[in-house]
Protein chains: 2
Amino acid sequence: MGDRARVEQFCADTLGKNPLFVCTISGTRTSRIPGITVAGANPELLKATPAADAELLFYGKCLSIEGIPATPDGKPTPALITRTALTLADIQFLIVDSGAEVKPKAPYISMGVPGPSEDITTGKAIDEAVVKTIFEYGKILGQKFSYLSDYVVLGESIPGGTTTALGVLMGVGIDARGRMSSSIPDNPHGLRNRAVELGMKTAGIGLGDLKRNPLRAVSVLGDSMIPAVAGMAIGAGRRNWVVLAGGTQMMAVLAIISGTEPDALEKVIVATTTYVANDQTSDIGWIIKRIGRVPIVAADLGLSESGKPGLRAYSTGFVREGVGAGGAALAAMLKSRGAISTDVLWKEIEQNYLKIIESPLQFVRSGSG
Amino acid sequence: MGDRARVEQFCADTLGKNPLFVCTISGTRTSRIPGITVAGANPELLKATPAADAELLFYGKCLSIEGIPATPDGKPTPALITRTALTLADIQFLIVDSGAEVKPKAPYISMGVPGPSEDITTGKAIDEAVVKTIFEYGKILGQKFSYLSDYVVLGESIPGGTTTALGVLMGVGIDARGRMSSSIPDNPHGLRNRAVELGMKTAGIGLGDLKRNPLRAVSVLGDSMIPAVAGMAIGAGRRNWVVLAGGTQMMAVLAIISGTEPDALEKVIVATTTYVANDQTSDIGWIIKRIGRVPIVAADLGLSESGKPGLRAYSTGFVREGVGAGGAALAAMLKSRGAISTDVLWKEIEQNYLKIIESPLQFVRSGSG
């Protein structure tokens, strides 16, 4: 089936149906390399970004930090978009923790991973046995999710995750250097490439050396989000459609699926935002073609229309995607049979932005949590 | 609606439908009082019983211990029954950890409770703020579960749990001394009563002093399973039927629901085994009448027919119930519209007993997990 036909089949199968949105939160010490990520206003807050993203989905506010996760210059987390889409369409969600440094103040599914994986420049990101366990747990969970919903939408929150994703892609032979997306317009390709190259050198690994052992590529150069989401996609895809909701980070997930259970790719589509799909500084289309025939759908969040500079910034190269925002938007559109349009969505995102970000109450919140 | 009418309505609403079974695992240091529980062959194994029960549901074998949980004289865990019922009827399950000492080697939902609550003889079982958080998380989860299934069945695994349940019941004014069920025929009422009485004395609490603050009763004399399951029942009961699957331990859960959101009781039924319902050494019927109009259904597991002494022992006063065995059996009967009868069930339990307990492979398992 061609990409277009597969997307049409996916839409026909899922229109008006009940998805389950699952956000996997995780951590990698790679995110501490200065300049590699802006998914937090400072290094201390960065540690809590995935937990705070999860809390925002649950409560419409964060408990582990003051305010909400933002870039150092105040661009808000895409969790705001995800929260809006899920709430508007009454879509259920679960949080999976696969190694977040701070755990969310909310119930979450544990993969038994106490904290973040190592900086990939060490060439030893995660113990390989742990990667295999996470992958198996992911399959178990994915299968359960497939019985509890009509289809699953898998998002992530892991600061620094495009660097670890590049590591895994390089390990399995896809030279995506210069093609990964970033949350700032001045995409730090050089920094990211050097981190991966150093990790490969330390581990004595060349491009594609781990093509036949993709889980080892995760162990050497990846993070603990990747095997969790890959496992869930495989487990859920045995029964239902699976939406990988994210940008170039999800390419590493796809590579793991492709290298372990390639047939599972037939039930997968990637959903992201137009801000990733149309990014001139990255090339998700180039990467995906090297992995397999998996269609990408890009949701237009309409944020270029917003009067709020922090939201409009999404359309000028900031943040772009994360916390499954594009996939959550797509799922909201599908569940509502189009009633939740781009216009409905960005206006509601703006309302939530006003409520959550610009509320004078945010600064007294720590006393009420 | 009378009890009988409510059970009929419940059966009409759930026949052939898809339940979600949720087992909450937990721990209390009260279980270390010698003689208070036999839910583990020795004190070291006792700590791992809830995790091992969860693993048995996932894998049909345990990873955290050799063999499977058993009483010191070898009566097998009721998780064997639960596993059989869920597998036969293809019923989905999730594990919630609310303070187990050993965490299962499987994905589970975390309530953020690192370990067991204190021995209730201290009169300070759990911090009250933690009890409230667990209760709120429970409500959130219960609501999610209600959207992911047609109804929920809530079981538990917490050694020593009838003692903490008695503590909560006494705190809210139900003098259930001498009426709690036990996993041995020689029901240790005296030991259990003395533990609760000591805890009450230490805390300066008299019978019924915490009637208006049932969560405080949990904090002083309870365990962290109780608020978790009570919260889930309330959250799920807003939309669907809720089955509290267990014996006298579930009476403490009912008391919390009754004392916080009594309307929620209308969507609750209790399901247990005939081995609890017909127990001459305890009186679940007496207790439930003091709480509210909640019907009890007892599933006949048919184990008196079994040729295996370890299983037949269930019908002569050993183990009786646990891990939601009675509720899982009921759910299997309902989902299969009766095709899974008592006879089908006990024969399959026996088959699994043979496979799991009597397999010569069990003693080499630690190397293969």
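These exercises walk through how chain A and chain B meet in a predicted model.

Residues are numbered from 1 along each chain as its sequence is written, and chains are lettered from A in the order in which they are written. Local features need pLDDT of at least 70, side-chain atom pairs count only at pLDDT 80 or more, and totals for interfaces use all residues, while side-chain values use heavy atoms, without hydrogens or water.

**Exercise 1. The contact**

Work out how many residues each chain brings to the contact and what area the two chains bury.

Solution. Start with the residues: chain A gives 20 and chain B gives 20, where contact means heavy atoms within 4.5 Å. Next, take the area: about 2000 Å² is buried between the chains, with 68% of it on carbon and sulfur atoms. Buried area is the accessible area (1.4 Å probe) that two parts lose on being put together, summed over both.

**Exercise 2. The side of chain A**

Find which elements of chain A supply the side that touches chain B.

Solution. Helix H2 (43–59), strand S2 (92–97), strand S3 (108–110) and helix H4 (128–148) of chain A each supply at least two residues. Helices (H or I, at least four residues) and strands (E, at least two) are DSSP runs, numbered from the N terminus. Then look for the largest share: H4(A) provides it, with 6 residues.

**Exercise 3. Strand against strand**

In which sense do S3(A) and S3 of chain B pair?

Solution. They pair in the antiparallel sense, over 3 bridges; two strands pair if DSSP finds at least two bridges between them. To see one position, find A:Tyr108, which stands opposite B:Ser110 in S3(B).

**Exercise 4. The symmetry**

Find the rotation that superposes chain A on chain B.

Solution. The rotation is 180 degrees, with 0.0 Å of shift along its axis and an RMSD of 0.0 Å. The fit is by least squares on C-alpha atoms of residues with pLDDT of at least 70 in both copies. The two copies are therefore related as by a two-fold rotation axis. In chain A, the C-alpha nearest the axis belongs to A:Ile109, 2.0 Å away.
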